[in-house]
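Q: Please take a close look at one part of this model, namely the strands that pair with one another, and then follow the chain on to its cysteines and to the residues with unusual backbone angles. I would like a connected account.

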Amino acid sequence: MKIAMVSEHANPLAAPGEGDAGGQNVHVAELSAALTRAGHDVTVYTRRTSRAEPAEAGTPHGYRVVAVPAGPPRPEPKDHLLPYMGEFGSFLRDRWATERPDLAHAHFWMSGLASVLAASATGTPVVQTFHVLGTVEKRHQGERDTSPADRIRLERMIGRQAGRVLATSSDEVFELAGLGLPRSRISIVPCGVDLGRFSPDGPVARRGARHRLVTVGRLVPHKGFGIAITALAQLPETELVIAGGPARGRPAQDPEVRRLRELADRLGVGDRVRWPGPVSREDLPALLRSADAVVCTPWYEPFGIVPLEAMACGVPVVAAAVGGLTDTVVDGVTGLLVRPCRPKELASRVRRLLDDPALRHAYGTAGHDRATARYSWDRVAADTVRAYREPAPEPAVTAGVR
């Protein structure tokens with residue numbers, strides 16, 4: 001099968017943890033690699049962000065990345081990219097007119113918009129993965145949400161035009177139903193984990209005698225790093241490693257880093273918070289293995305790859321019971337779930353783990369077994385192809401969509 005992966009802002013070659021690079025970049029990269037291993041021909045289309053960027057590049061995993069000239073060739077926040085999607089869609093239309101893929105798989109709503117524009121001219125079937133919906137971001141971010149005003153209306157249109165929508169969790173199915181998408185148009189296909197890289201065996205990052213908690217992700221407010229820092233004040237002899245955000249040498253320029261550091265200093269735990277900056281995919285397993293527990297405390301999280309990576313490394317996870325985290329983390333089996341935005345509850349549950357090495361080992365072993373059995377990228381790729389091949393209902397009429 002010839003597959004066009006459309007990922008307007010999440011370049012699979014970008015390092016997660018800085019700017020808008022995060023779990024979606026990992027998802028697109030790993031899914032493309034797994035589909036290629038399964039014998040499919042995969043090309044990823046992403047927006048050009050540098051004049052030095054090659055128009056097309058191969059990858060060691062066999063898929064290709066095409067840099068689409070849409071908008072200025074420089075990094076831009078993803079919520080500023082909507083005006084360039086017409087240009088992006090025109091590029092796809094012209095490319096697919098001569099090199100038509102069997103299917104286009106769009107990641108994020110703006111990729112979906114560009115894909116359905118191109119598909120209308122080329123007859124290319126479109127499958128959509130939203131990763132996060134505008135209704136969810138609006139609900140949880142409120143005035144902090146910088147999404148374009150038309151996002152939710154356009155997501156509804158894209159969902160109706162796509163042949164199938166892939167939800168990454170059961171929670172997302174309910175959100176999609178709220179947009180008016182019938183269940184018959186939705187398949188659940190979770191994110192996965194690279195079991196070759198993330199495993200209990202391998203190097204372990206150096207650490208001291210203190211207990212160590214690790215949390216990883218983009219340093220943005222809704223990821224909830226402040227909740228973990230607040231909980232740390234109730235966990236003596238424990239350090240917290242926050243991996244992500246600006247590269248070393250530039251964190252002082254980042255407003256979220258400044259806010260979090262001020263919070264840590266105000267709570268008297270500044271000397272127990274470590275800021276390594278973005279950690280490469282190669283180094284991340286060693287950091288995770290060094291943890292007594294990995295904490296994931298977002299206000300909301302459509303899926304969350306880091307908890308899966310920790311589980312694959314045999315490390316217990318303490319996570320907020322939101323979104324896709326309620327699918328992956330089995331409370332009392334692979335880790336612990338806590339109500340979101342409750343630092344005292346988080347501290348209490350983490351303390352339970354830190355005080356019981358046998359329980360940490362049991363949860364870590366069960367987490368590894370669950371990640372191995374259910375979440376390998378090869379299995380996720382097979383589930384994705386199965387969803388690609390499911391008969392799609394006729395696209396809904398979009399006239400008058402509000």
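A: What follows is a reading of a predicted model, starting with the paired strands and ending with a few single residues.

Strand β9, residues 211-216, runs parallel to strand β10, residues 238-243, and six bridges join the two. Within this pairing, V216 stands opposite A243 in β10. To get from β9 to β10 the chain passes through helix α7, residues 225-232, and the β-α-β crossover made in this way is right-handed. β9 also pairs with strand β12, residues 293-296, again in the parallel sense, over two bridges. In that second pairing V214 stands opposite V294 in β12.

The end of β12 is residue 296, and C296 is the cysteine whose sulfur is closest to that of C191, at a distance of 12 Å, which is too far for a bond because a disulfide requires sulfur atoms within 2.5 Å. C191 is itself buried, since its relative accessible area is 4%, under the 20% limit. The sulfur of C341 likewise has its closest cysteine sulfur in C296, at 12 Å, and that separation is too far for a bond. The structure as a whole holds zero disulfides.

C341 also deserves attention for its backbone, as its phi is near 60°, a positive value in a residue other than glycine. This cysteine is found in the loop between β14 and α12, the latter spanning residues 343-354, and it counts as partly exposed because its relative accessible area is 45%, between the limits of 20% and 50%. A positive phi, near 70°, is found in H131 as well, which is likewise a residue other than glycine. H131 has its place in the loop between β6, residues 126-129, and α4, residues 134-141, and it is buried, with a relative accessible area of 11%.

Strand β14, residues 335-338, contains L337, a residue that is buried because its relative accessible area of 15% is under 20%. Beyond its neighbours within four places in sequence, L337 is in contact with A319, A320, A321, L325, T326, V329, D331 and R349. One of these partners, L325, is 12 residues from L337 in sequence, and the two C-alpha atoms are 8.5 Å apart in space.

Notes: Residues are numbered from 1 along each chain as its sequence is written. This is a predicted model: local features need pLDDT of at least 70, side-chain atom pairs count only at pLDDT 80 or more; totals for chains, interfaces and linings use all residues. Side-chain values use heavy atoms; hydrogens and water are left out. Helices (H or I, at least four residues) and strands (E, at least two) are DSSP runs, numbered from the N terminus. Buried means under 20% relative accessible area, exposed over 50%, partly exposed in between (1.4 Å probe, protein chains only). Contact means heavy atoms within 4.5 Å. Two strands pair if DSSP finds at least two bridges between them. A crossover is right-handed if, with the strands pointing away from the viewer, the path from the first strand over the helix to the second runs clockwise.
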